[in-house]
Amino acid sequence: MIKEFIKDFPEWTRIVLPVAIIVLCLILGIIIRKYLFAVLKKFTKKTETKIDDILFSVLKRPFLLWFAILGLEISSKTLYLGEQIENIIDTTLIIIWIISLILVLGKLTIEILQLYYEKRNSSFQTTSIMQNIIKLVFFLIGLMVILNTLGYSVTPIITALGIGGLAVALALQDTLNNLFSGFYITLSQQVRVGDYIQLENGSEGWVKDIGWRNATLLLLTNNYVIIPNAKLAQNIITNYTLPDALSLIRIKYSVGYESDINNVEKVMLDTVNEILPTIPGTMTDPPPAVLFNPGAGDFALIFTLSVPVSKYADRNPIISQINKALFLKFREEKINIPFPIQTIHIKKEN
């Protein structure tokens, strides 16, 4: 139809017209993106939901690409390229459009899931395994759509993939075990990115990422520990971030048997209550407590001090400052801190 309309045009217009159409479509796309999105952005600010904000943010990037595809499609109809070449151009443009649409849908799905988990106070948005699985699903969907567009039957391919997938699963048992373990850990939300955890071997640190094969733990020494997902799923883990970041640290102190236990308890409690507001990361609710527990030891009376902290990972500098304050106060109050001693009684036979 377009060729019949321009067949009487001068020869030079057949070269200029396709370029003009492409440029016109790009200019039109820029204008629409600038003004339409500006108007819609003002509208979305009035709504409470963030889904419309995500939608416009995701659609803004490929908007010009889609107008460029439209320009190329229209301009190709003005050229006398032959039916075979036109079909190749049409198919190529359709494939590019499908790929861009699949990327947009994948990004949109991830963003909406991130929003959902943010409302649940979760760290899903920084877990790479879930994002990679979503991208893989959309990639496979896009691949099947493209193959169908090219005229290939998808059913035999799916059948072949099912048979080949069984062989691959047998050959990659360890890899798949780690993959599904990471998937389970992420969905269960018992260990999340950003949580401070301790493993049964004593290693502790922040969970930086849970990937398709392993999880990464950042230690206090600023080193990484790489843990296979299957090992992490089987581990006994202490999560100091759940149910919330508030934790109680317990510090034991030993005094001599000649000490007045009531006085020791009062001195410890008064000292801690005095310095606690000056130590960052400590809390006064619940208040600190001193317990005569475990009590009488081999060579000393043992007290346990419980102090609430906002983050368990910050406990070391807090314990250091409390230890210094109590040590100086014990010296001032003449409270003896005994050395480890052992008394041996030798019984003589007559």
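Start by selecting helix α11 and looking at what its buried residues touch: they pack against β1, β2 (204–210), β6 (247–255), α10 (261–275) and β8 (301–309). Contact here means heavy atoms within 4.5 Å, and buried means under 20% relative accessible area, with exposed over 50% and partly exposed in between (1.4 Å probe, protein chains only). Helices (H or I, at least four residues) and strands (E, at least two) are DSSP runs, numbered from the N terminus.

Before you click on, remember that this is a predicted model: local features need pLDDT of at least 70, side-chain atom pairs count only at pLDDT 80 or more, and totals for chains, interfaces and linings use all residues. Residues are numbered from 1 along each chain as its sequence is written, and side-chain values use heavy atoms, with hydrogens and water left out.

**Stop 1: along and around α11**

Stay with α11, residues 315–332. Its 18 residues reach 26 Å from the first C-alpha to the last, close to the 26 Å expected at 1.5 Å a residue; the expected span is 1.5 Å times one less than the number of residues. Now show the side chains of R315, I318, I322, A325, L326 and F330, the buried residues of this helix. Look down the axis of α11 and these buried residues fall within an arc of 135 degrees, so they line one face of the helix. (The arc is that of the directions from the helix axis to the C-beta atoms.) Turn to the face pointing away from the buried side and you'll find the exposed residues K324, L328, R331 and E332.

**Stop 2: salt bridges**

Next, pick E204 and R315, whose side chains meet in a salt bridge (2.7 Å, N to O). E204 sits in strand β2 and R315 in helix α11, so the pair ties together parts that are 111 residues apart in sequence. Are these two buried or exposed? Both E204 and R315 are buried. A salt bridge here is a side-chain nitrogen of Lys or Arg within 4 Å of a carboxyl oxygen of Asp or Glu, and the structure holds 5 of them.

For another one, move to α10 and select D270 and K266, which meet at 2.9 Å, N to O. They are 4 residues apart in that helix, which puts about one helical turn between them. D270 counts as partly exposed at 40% relative accessibility, while K266 counts as exposed at 53%.

Then go to E333 and K329: their closest N and O atoms are 4.0 Å apart, and they form a salt bridge. Add E332 to the selection, since salt bridges that share partners join K329, E332 and E333 into one network.

**Stop 3: the nonpolar cores**

Select M268, L305 and I322. Of the 27 residues in the largest nonpolar core, these touch the most other members. A nonpolar core is a set of buried Ala, Val, Leu, Ile, Met, Phe, Trp, Tyr and Cys residues joined through side-chain atoms within 4.5 Å. β6, α10, β8 and α11 each supply at least two residues of this core. Center on L305 and show its neighbors: leaving out residues up to four places away in sequence, its contacts include I249, I251, Y253, M268, V272, I322 and L326. Apart from this core lies another, of 11 residues, among them I197, I210, L219 and I227.

**Stop 4: the open sheet**

Color the strands in the order β4-β3-β2-β1-β5: these 5 form an open sheet with antiparallel pairing. Two strands pair if DSSP finds at least two bridges between them. Which strands sit at the edges? They are β4 (224–228) and β5 (238–239), each pairing on one side only. Zoom in on β1 (residues 196–198), joined to β5 by 2 bridges; Q198 has T238 as its bridge partner there.

**Stop 5: backbone oddities**

Most residues other than glycine have a negative phi, and most peptide bonds are trans. Select N222, in the loop between β3 (214–219) and β4: its phi is positive, about 65 degrees, although it is not a glycine. N222 is exposed, with a relative accessible area of 61%. K334, just after α11, also takes a positive phi, of about 60 degrees, and counts as exposed at 73% relative accessibility.

Finish with the cis peptide bonds. One joins L242 and P243, with omega about 0 degrees, and P243 lies in the loop between β5 and β6. Another joins N293 and P294, with omega about 10 degrees; P294 is in strand β7.
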